[in-house]
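The exercises below ask you to read contacts and exposure from a model and to justify each step. Please work through each task before turning to its solution.

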Amino acid sequence: MGFAAPFLWSLIVYLLLTAGSGNVIAWSPGELVAGIVIAAIIGYATKDVMDEKLGYFFNPKRWLLFIVYAIGPFFFAMAKANLDVAYRVITGKIRPGIVKISPDLTRDESRTLLANSITLTPGTFTLEIDDEGNFYVHWINVPPGKERPTPEELCGYLPKWARRIAE
């Protein structure tokens with residue numbers, strides 16, 4: 001099971017991404033062979049990780065929450081951050097700095113989700129996560145007196161969603 005699940009998952013994703021490339025159903029013969037080879041490499045490389053956490057990664061509740069998060073809260077945070085960055089670029093009201101937050105996330109998966117969400121949101125960039133789970137984030141506008149913000153002051157509700165999805 002350690003090899004089969006990531007192999008099938010990788011193959012399905014590859015086939016979805018390359019659909020319409022040929023005349024064998026929806027793929028060219030070269031795409032099918034490439035998909036099988038790439039999926040086999042991914043399946044072999046991740047067999048130990050996926051075998052250990054199979055139930056965790058393929059939990060439908062996590063995937064449903066992730067889809068809701070991507071469509072709703074994360075999309076809204078990105079739109080809001082885009083407007084804020086546009087305002088700061090036009091007005092020049094920028095006070096950049098590096099801040100430290102402690103979102104109290106325990107799993108690598110939730111930390112990765114939050115770090116990627118912060119980085120994908122314009123105006124912030126996750127530089128590092130230390131061993132205690134503290135995030136070091138470059139922030140385009142550090143308000144005076146907020147040099148050590150709470151996670152909610154920096155990135156709103158994103159840590160709660162990362163905890164809900166991946167803890």
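In these exercises a residue is called buried when its relative accessible area is under 20%, exposed when that area is over 50%, and partly exposed in between. The model is a predicted one.

**Exercise 1. Aromatic pairs**

Task: Determine how many aromatic pairs a search of the whole structure finds, describe the geometry of the pair formed by Tyr69 and Phe74, and decide whether Tyr69 is buried or exposed.

Solution. Step one is the count: the search of the whole structure gives five aromatic pairs. Step two is the geometry of one of them, in which the rings of Tyr69 and Phe74 lie 5.8 Å apart, centre to centre, with 35 degrees between their planes, and the pair is therefore classed as tilted. Here the reasoning needs two cut-offs, since planes under 30 degrees apart would count as stacked and planes over 60 as edge-to-face. Step three is the exposure: Tyr69 has a relative accessibility of 3% and so counts as buried, and Phe74, at 12%, counts as buried because this value too is under 20%. As a last step, note that ring pairs also join Trp9, Trp63 and Phe66 into a cluster.

**Exercise 2. A nonpolar patch on the surface**

Task: State which residues form the nonpolar patch on the surface, and find which helix gives the most to it.

Solution. Begin with the members, which are Trp9, Val13, Leu17, Trp63, Phe66, Ile67 and Ile71, and which together have about 710 Å² of accessible area. Next, assign the patch to elements: helices α1 (4–17) and α5 (60–71) each supply at least two of its residues, and α5 gives the most, with four. Then take one member as a check on exposure, namely Leu17, which is placed in helix α1; its relative accessibility is 71%, and Leu17 therefore counts as exposed. Finally, compare the member list with the ring cluster of the previous exercise: Trp9, Trp63 and Phe66 belong to the patch and are also linked by ring pairs.

**Exercise 3. The contacts of Arg88**

Task: Locate Arg88, identify the residue with which Arg88 forms a salt bridge, and explain why Arg88 counts as buried.

Solution. The first step is location, and Arg88 lies in helix α6, which spans residues 73–91. The second step is the salt bridge: the partner is Asp84, and the closest N and O atoms are 3.2 Å apart. Both residues of this pair lie in helix α6, where they are four residues apart, about one turn of the helix. The third step is a further contact, in which a polar atom of the Arg88 side chain lies 3.0 Å from the backbone oxygen of Lys93. The fourth step is exposure: Arg88 counts as buried because its relative accessibility is 13%, whereas Asp84, at 30%, counts as partly exposed.

**Exercise 4. Other salt bridges and a charge over a ring**

Task: Find how many salt bridges the whole structure holds, describe the pairs formed by Arg95 with Glu147 and by Glu153 with Lys146, and then state which residue lies over the face of Trp161.

Solution. Start from a general point: side chains of opposite charge can pair when their charged atoms come close. The search of the whole structure finds four salt bridges. In one, the side chains of Arg95 and Glu147 meet at 3.1 Å, N to O. This pair links distant parts of the chain, 52 residues apart, with Arg95 in the loop between α6 and β1 and Glu147 in the loop between β3 (135–139) and α8 (151–155). Arg95, with a relative accessible area of 35%, is partly exposed, and Glu147 is likewise partly exposed, at 41%. In another, the side chains of Glu153 and Lys146 meet at 2.6 Å, N to O; Glu153 is partly exposed, with a relative accessible area of 35%, and Lys146, at 33%, counts as partly exposed. To finish, the residue over the face of Trp161 is Arg164, at 4.5 Å from the ring centre.

Technical notes. Residues numbered from 1 in each chain as written. Predicted model: local features only at pLDDT ≥ 70, side-chain atom pairs only at ≥ 80, totals over all residues. Heavy atoms only, no water. Patch = residues over 30% accessible without salt bridge, like charges linked within 9 Å, V, L, I, M, F, W, Y side chains within 5 Å. Areas by Shrake-Rupley, 256 points an atom, 1.4 Å probe, with all protein chains shown as cover. Buried < 20%, exposed > 50% of the residue type's maximum accessible area, 1.4 Å probe, protein only. Phe/Tyr/Trp six-rings, centres within 6.5 Å; stacked < 30°, edge-to-face > 60°. Lys NZ or Arg CZ within 6 Å of the ring centre and 35° of its normal. Polar contact = N/O pair within 3.5 Å; in protein donor to acceptor, adjacent residues only side chain to side chain.
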